[in-house]
Amino acid sequence: MGYQLELRHFTYFLAVAEELHFRKAAERLFISQPGLSRQIKQMEEIIGAELFIRNKRNVSLTAAGMYLKKEITYIFNHIDFTIKQTALIDIGSEGEVRIGFLGSAMQTVIPEFLVKVDKEYPKIQFSLEEMANKDQVKAILSDQLDIGFVRLARVPDGIHIKAVQTDTFSLVLPKGHVLNSKNFKNIAQVSDEHFILFSSYYSSVYYDKIMSICEDQDFTPIVSHKSVHAQTIFKLVESGLGVAIVPTSLQYGFDLEVKFLEIPKIHQRAELSVIWKKDNRNPALSKVKEFL
């Protein structure tokens with residue numbers, strides 16, 4: 001009976017699934033609440049599955065509803081992107097590749113990648129958005145991103161991961177700090193200082209490595225501030241609010257009163273990887289993957 005379903009059914013369903021409130025969904029769709037309820041009921045009858053659990057106070061998704069929401073979100077994202085790609089191709093472009101990235105990837109990896117691609121495929125366009133690891137994975141799975149630059153040890157099935165850079169770690173200090181390249185021996189020398197770190201949400205793998213660097217020197221860092229942006233971390237260090245540990249490559253591109261001291265004799269490395277969905281159908285992605 002699927003032939004009875006129309007695009008409007010899916011649009012109405014997604015609005016209710018996102019709002020979990022029939023009145024708010026109806027206002028968003030500019031239709032009456034009773035009319036929306038009838039459309040959802042009709043959709044459930046056609047599919048043969050209950051999509052929402054309704055009571056006087058709450059609306060929630062059933063297991064079938066959660067599955068349908070995930071798939072419809074992916075389909076709508078893909079349709080939107082396909083329409084955009086079609087318009088680009090019509091004006092002579094070879095399409096668009098959507099890239100998510102962590103800040104450190106913008107120092108050298110992404111610029112070098114874009115320069116190489118541009119020489120071979122100057123008509124491919126790129127959109128870039130700085131995002132945390134988890135957000136990139138979600139966006140890749142829902143067809144909102146084509147490529148992600150992440151710091152992850154593992155990814156869900158269906159996503160390909162490839163290491164593209166291995167970096168050392170550096171200690172970030174205010175310019176006037178007593179430690180310098182000559183007297184800095186190990187991280188234990190700042191064990192009493194406050195630390196400003198990237199949030200574990202930004203990268204749990206990276207956060208755990210920072211903690212292990214300190215634990216190898218028999219101390220647990222006093223973490224006073226966390227952020228997902230390098231600029232914020234460096235500004236706090238510059239202001240004397242603590243010290244930080246970051247991938248060494250992050251020292252480039254910032255003009256602040258801080259200094260970077262590479263941490264010697266540690267085994268931990270900051271590994272940057274690129275990810276993409278194995279069944280991604282963007283023809284522009286297939287052209288640029290060789291440059292990764």
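What follows is a walk through one sheet of this predicted model, the helices lying across it, and a helix pair.

The sheet is open and has five strands, lined up in the order β4-β3-β5-β12-β6 with mixed pairing. Strands β4 (125-130) and β6 (159-167) sit at the edges with a single partner strand each, so one side of each has no neighbour in the sheet. On average, neighbouring strands here are turned by 20° against each other, direction ignored. For β6, the partner is β12 (residues 270-277): the two run antiparallel and are joined by eight bridges. Within this pairing, isoleucine 161 stands opposite isoleucine 275 of β12.

Two helices lie across strands of the sheet. Helix α5 (residues 109-120) lies across β3 (96-101), β4, β5 (147-150), β6 and β12, and runs at about 170° to β4. Helix α6 (residues 133-141) lies across β3, β5, β6 and β12, with its direction at about 160° to β5.

Then there is the pairing of helix α1 (residues 7-19) with helix α4 (residues 63-90), whose axes come within 10 Å and cross at roughly 115°. This crossing is left-handed. On the α1 side, the contact is made by Leu7, Phe10, Thr11, Phe13, Leu14, Ala17 and Glu18; α4 brings in Gly65, Leu68, Lys69, Ile72, Thr73 and Phe76. Sorted by class, the contact between α1 and α4 comes to eight nonpolar, three polar and two charged residues.

Definitions and conventions. Residues numbered from 1 in each chain as written. Predicted model: local features only at pLDDT ≥ 70, side-chain atom pairs only at ≥ 80, totals over all residues. Heavy atoms only, no water. Pairing = 2+ DSSP bridges. Helix = DSSP H or I, 4+ residues; strand = E, 2+ residues; numbered from the N terminus. Axes fitted to C-alpha atoms, helices over the stretch in contact; angles between N-to-C directions. Contact = heavy atoms within 4.5 Å. Left-handed = near helix turned anticlockwise from the far one by under 90°. Nonpolar A, V, L, I, M, F, W, Y, C, P; charged D, E, K, R; others polar.
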